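Let's take a walk through the empty spaces of this protein, and then stop at one residue along the way. Keep the viewer open as you read.

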Amino acid sequence: MPFRLRVQGPRACFPRPEFRRDQISYDVIPPFVARAIFNAIYCRSAMRWHIDAIQVLNPIRFIEERSPNRRLLLAEPHYLIDGHFSVEANANAAQFTKMFLRNARRKQYAATPFLGMPEYPAQIDLIEEEDDLVAPLNRHPESLDLGWLALDLEEGARPNMQYFRAIMEDGRISVPPLDSSALAC
């Protein structure tokens, strides 16, 4: 069963790994961070969340913050995130669905959800009806290449981050599955 969350906050920082000293954010929320938000609402060892798509609702704007090191943050990020979960063979998917929906509706989370870093809390709303959707505040270009975006950790003895080429079409980024040939390590 697919689920949709509206995720937003005043600021966000999704640090890019290629910047060591400064914290320079990705242009949009990476799928592994989106998965962590679903995990914060409800997760069990017998289930795994998968992100299907990310819709960017607000314009992508950066602001600079000076602390000991420079931080380039996203201002007013606002997303719709589509995801689903898979379960192990002996797990009760119906019970997991029920518990996720209960926690999301009541805003009772297993962990505090945040936008990349703990100092940037996320406001989350479960979207159950199309009437709950909001129109994007700006029209994004037809197609925008966002470059390589961190997808998720590859499972195994030595976990390795996997990346995919993120293309935003009309504000929407389709996220490939973890076994896709379009991924790079």
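Before we name any elements, a quick word on labels: helices and strands here are DSSP runs, a helix having at least four residues and a strand at least two, and they are numbered from the N terminus. Keep in mind, too, that this is a predicted model.

Start with the largest pocket, which holds about 190 Å³ of space. It has 15 lining residues, and those closest to its centre are His-50, Ile-51, Pro-176, Pro-177 and Leu-178. Which elements supply at least two residues each to this lining? They are α1 (31-41), β4 (47-56) and β9 (143-154). Of the elements, β4 gives the most, with 5 residues. As for chemistry, the lining of the largest pocket is a mix of 8 nonpolar, 5 charged and 2 polar residues.

Now move to the second largest pocket, with a volume of about 150 Å³. Here 10 residues make up the lining, and Pro-2, Phe-3, Arg-4, Ile-127 and Glu-128 sit nearest the centre. Two or more lining residues come from each of β1 (3-8) and α2 (93-106). You'll find no polar residues in the lining of this second pocket: 6 are nonpolar and 4 are charged.

Pockets are open, so what about enclosed space? Searching the whole structure turns up 1 cavity of 30 Å³ or more, and the largest cavity has a volume of about 60 Å³. Its lining includes Asp-27, Val-56 and Asn-58, along with the run Pro-59, Ile-60 and Arg-61. Also in the lining are Leu-74, Ala-75, Glu-76, Pro-77, His-78 and Tyr-79. The strands β6 (70-75) and β7 (78-87) are the elements that give two or more residues to this lining. By class, the cavity lining divides into 7 nonpolar, 2 polar and 3 charged residues.

One last stop: Ser-25, in the loop between β3 (23-24) and α1. Is this serine buried or exposed? Ser-25 has a relative accessible area of 2%, so it counts as buried, the cut-off being under 20%. Its side chain reaches the backbone nitrogen of Phe-14 at 3.0 Å. Leaving out neighbours within four places in sequence, Ser-25 is in contact with Ala-12, Cys-13, Phe-14, Pro-15 and Arg-16, and also with Phe-62, Leu-72 and Leu-74. You've met Leu-74 already, in the lining of the largest cavity.

Definitions and conventions: Residues are numbered from 1 along each chain as its sequence is written. This is a predicted model: local features need pLDDT of at least 70, side-chain atom pairs count only at pLDDT 80 or more; totals for chains, interfaces and linings use all residues. Side-chain values use heavy atoms; hydrogens and water are left out. On a 1 Å grid over the protein atoms alone, a cavity is a set of points where a 1.4 Å probe fits but cannot get out, and a pocket is an open set with protein on both sides within 12 Å along at least five of seven lines; lining residues have an atom within 4 Å of a point. Grid points are joined across faces, edges and corners, and a volume is the space filled by probe spheres set on the points. Ala, Val, Leu, Ile, Met, Phe, Trp, Tyr, Cys and Pro count as nonpolar, Asp, Glu, Lys and Arg as charged, and the others, Gly among them, as polar. Buried means under 20% relative accessible area, exposed over 50%, partly exposed in between (1.4 Å probe, protein chains only). A polar contact is a pair of N or O atoms within 3.5 Å; within protein, one must be able to donate a hydrogen and the other to accept it, and residues adjacent in sequence count only if both atoms are side-chain atoms. Contact means heavy atoms within 4.5 Å.
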